[in-house]
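Me: Hey, can we go through this one together? I'm new to reading structures.

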Amino acid sequence: MIELRDVKKAFNQGQHNEVWALSGISLGIEAKRVTALRGPSGSGKTTLLTLIGCLARPTSGRVTLHGRDISGLPERFLTEIRRKTFGFVFQQFNLVKGLSAIENVMLPAYPTGRPHRELAQRAEALLERLRLAHRRDARAEWLSGGEQQRVAIARALINDPEVLVADEPTANLDTALAKEFMAILESFGAEGRTVILTSHDPLVTESAVVGRLVDMRDGLLVEHHE
Amino acid sequence: MKSWIEKQRHLIDFTLSSLLRRRGRNLGLLVVYSLLVFVLASAMLYSHALRREAAVILEGAPEVVLQRLVAGRHDLIPPGYIDKIGQMRGVQDIRGRLWGYYYDSVVKANYTFMVPADGSVAKGALVVGPALARQRGLEANTGVSFRAYSGELRSFIIADVLPQASEIASADLILINEDDFRAFFNYPAGHYTDVALTVANAKEVRNVANKLSKLLPDSRPILREEMQRTYASLFDWREGIMLALLSAAILAFAILAWEKASGLSADEKREIGILKAIGWETGDVIRMKLWEGGLISLTAFLLGFVAAYVHVFKFGAPLFAPVLKGWAVLYPRFDLVPVIDGLQVATLFFFTVFPYMAAVLVPIWRAAVTDPDAVMRS
Amino acid sequence: MIFQPAIIALLLASAVSVAMLFVAAPFALQIIRHWDIRSGSERQLQLERRTYLFSTLAVFVMATQLLSLLLFVFNADKMSEMFVGAMCAVGALNVNAYGFPALIAQMTVFFLAAGWLAVNYVDTRAPDYPLVRIKYAALLVLLPAVAAVLWLQLEYFLNLRADVITSCCGSLFSEDTKSLTGDMAALSPIPAMIGFYVALGLAFATAAFHAQTRRGGYAVAATSIVAFVAALTGIIAFVSLYIYEHPHHHCPFCILKPEYDWQGYWLYVPLFAATACGIGAGAVQPFRRVESLREVIPQVSARLAAIAAAGFLIFAAVATVFVTRSNLILIE
């Protein structure tokens, strides 16, 4: 579904502190599978995730989604594709403080202009599914770590994306909560949802849910496990 | 179209809640903004009301007033002068007027004594202006005495107090009988202060004035329309000076707005980063921020304008009156007729909302172009 | 120079518009030189981000021009009392040779900006931004136009002398004046009405036809401009007479006054909106064969044409209502 061909990404290009986070990656990602990117910090796995998830454009190389070249698309169009195709769960959860759980869930759908009532219903259903219905009006900063993550997952699903993208989902959770997350992940795997995540937590990478493991080091792929 | 409206609704909703979440920060700006609108609107409403007041007065004035000059100074109209003008085409009515100033040492103010054209004031009686009546505690049927130019004290009975309607000119006015006037001021018989001419056709006024200055070379005709123009530009000029002085304040405000808009707190930066990451587009963020600016502007504009309206029309503009009025010794108490003028509101808008929006445009854009992946890199 | 708040406000608005575009100009040049949509380099990303700033600036300048157009007319009307012989905006604008040119320049800038925004809109609908260079070159053309407005306004306001005897709408728009505006007023009502309704009908028909069939895009712009001129002529020649109920008062500005219940806005708002949309529909036509815009342009121009058609229709209807409701009888 997603193909990367010789993708490179540089930061601070042309300046003395130029860094090449990715130095040539070719990779295909299949739909309806859980794919994990594994590597030490600084290996470029998060950068790779941002390119896959249309958050950023590669400095060179091609990225195709369903056969369509998206590497040269301006941000305006990239955002549209991203909104429809990808839902994000960040390492720090990144909820907006001061807003209630349900408002946070609805936030990504605001620019789509879907009617408010429809949005609220969908958000309630998602919170219900993630066993958070009782916390719907609680402000983001009053939620526990596990609750915050589940709100973040609900938020990622509000636009009903094809792919769920998660960056280090268990890094800020204790073992019990991490196991809870794995249970949610398993349910997605069972539904046949496409999930792409980065992690160096063995709990995640060695789990049976993960269908494919991609190892990275210094901005390059190491080897393929099938 | 429907989804466009829905989208704007979402953006406004979000903007409102984010404004309320940062109440403290935004309140400061709102106060300064409203204050600026208040000051400017007060100055404008006040001078506009004065301008109108003057226009109302001049409405009733004669089209042409003829003064006699001696060595360039205003002098009395000698007997026979009016007859010399005689019949003139276009002139409906010619009338000698009697009026003069009187300094009252009791309240240290100047009054205007005037003989009404219709001779409606009886001998020994006076009709006084409202400000004067207030100052000296006069009402109908009370007595008052003034020291005449001959030195003796003369007593009068107050027949009536003039209505409040247009105070600015009648505030210090005293209407008096002609014989009393001449006796009080030792005014030479047959002389007049000036001559009022009524001209029916507005297009004839200039011709009449030309003929008059040819016929009586020692005279000076004063046209009503010239007076109107003079007053209008006088008030415009005062208003302009006031604004020029306040332009420093406008500039300071624009700089403040720029600062506020570009100095986003870490919290706000993070929030915009999150929005971008979860699927908001740069344009969406710009639109949201423009709504924010619009809402702040609208609130400040309304608050400031309403406050200025109350300040000017309910309390008589105590903060600006001394600067903008300054043409009468006896200050009239102000019950100005409330007038709002489209041009003024539009001008005020340009002086307040326009600089604000112009100042925040670039900072808004700068905030909105945050990289969508920024939240993941930190 | 007459020192007046509204004048200062107008000059301020124009000066800020010019300053904004002037500061933006070097960046526009950078875009023209270095734009490369295929590249993922940081410079390209920077340039793309800048495009957001420019379209926001252009919208801002256009909104400013529209508002200051209103303020300009308002102000001219108010200033009229300071000039001998001036009774409304026309007189005040005639005090020197710069009044009407300033007004016309401002309208021109407004319509130019409308065209630019239409091109900008379609361009941002295509993923490869095919018109970027053309667009930013055009933005550089907008700069001298806005500067011209500022210059004309400055000349106009600096050369105001309160003692000048000016002619007012009575003489400028009266039948015996030998001038273009005089000719507009001298048109006897029947030919003026025929011209008015034919031009508006044509503009409406062309726009409606384009909205339906998506053909004849240039014609929409052309008929819109013609209809705009014909509409102004019609207002001067007969619509205003019916509003004032006075057979010789030909003023296009007095109808904006409260004395006439602001009836002018009902005419001018749809007229300006319709003309702007019509011009927009025409402005995008040269690019309809650009590969990535093949789909976008017909859609957008059809929508713009539909708005234009509706605007002209409303304008004509409102004018007709004013005429029929009036007590004045021009045509037996």
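Here is a chat about parts of chains A, B and C.

Reply: Sure. This is a predicted model, where local features need pLDDT of at least 70, side-chain atom pairs count only at pLDDT 80 or more, and totals for chains, interfaces and linings use all residues. Residues are numbered from 1 along each chain as its sequence is written, chains are lettered from A and ligands numbered from 1 in the order written, and side-chain values use heavy atoms, leaving out hydrogens and water.

Me: How many helices and strands does chain C have?
Reply: Eleven helices and zero strands. Those are DSSP runs numbered from the N terminus (helices H or I, at least four residues; strands E, at least two).

Me: And how much of chain C is buried?
Reply: Buried residues are 57% of its 332. Buried means under 20% relative accessible area, exposed over 50%, partly exposed in between (1.4 Å probe, protein chains only).

Me: Switching to chain B, how far does H1 reach?
Reply: Helix H1(B), residues 2–21, reaches 29 Å from first C-alpha to last, close to the 28 Å expected. That expected span is 1.5 Å times one less than its number of residues.

Me: What covers its buried residues?
Reply: The cover includes helix H4 of chain A, plus H2, H9 and H10 of chain B. Among the buried residues are Leu11(B), Phe14(B) and Leu19(B).

Me: Is Arg150(A) buried or exposed?
Reply: Buried, because its relative accessible area is 11%. Arg150(A) sits in helix H5 of chain A.

Me: What does Arg150(A) touch?
Reply: Beyond neighbours within four places in sequence, its contacts (heavy atoms within 4.5 Å) include Glu180(A) and Ile184(A).
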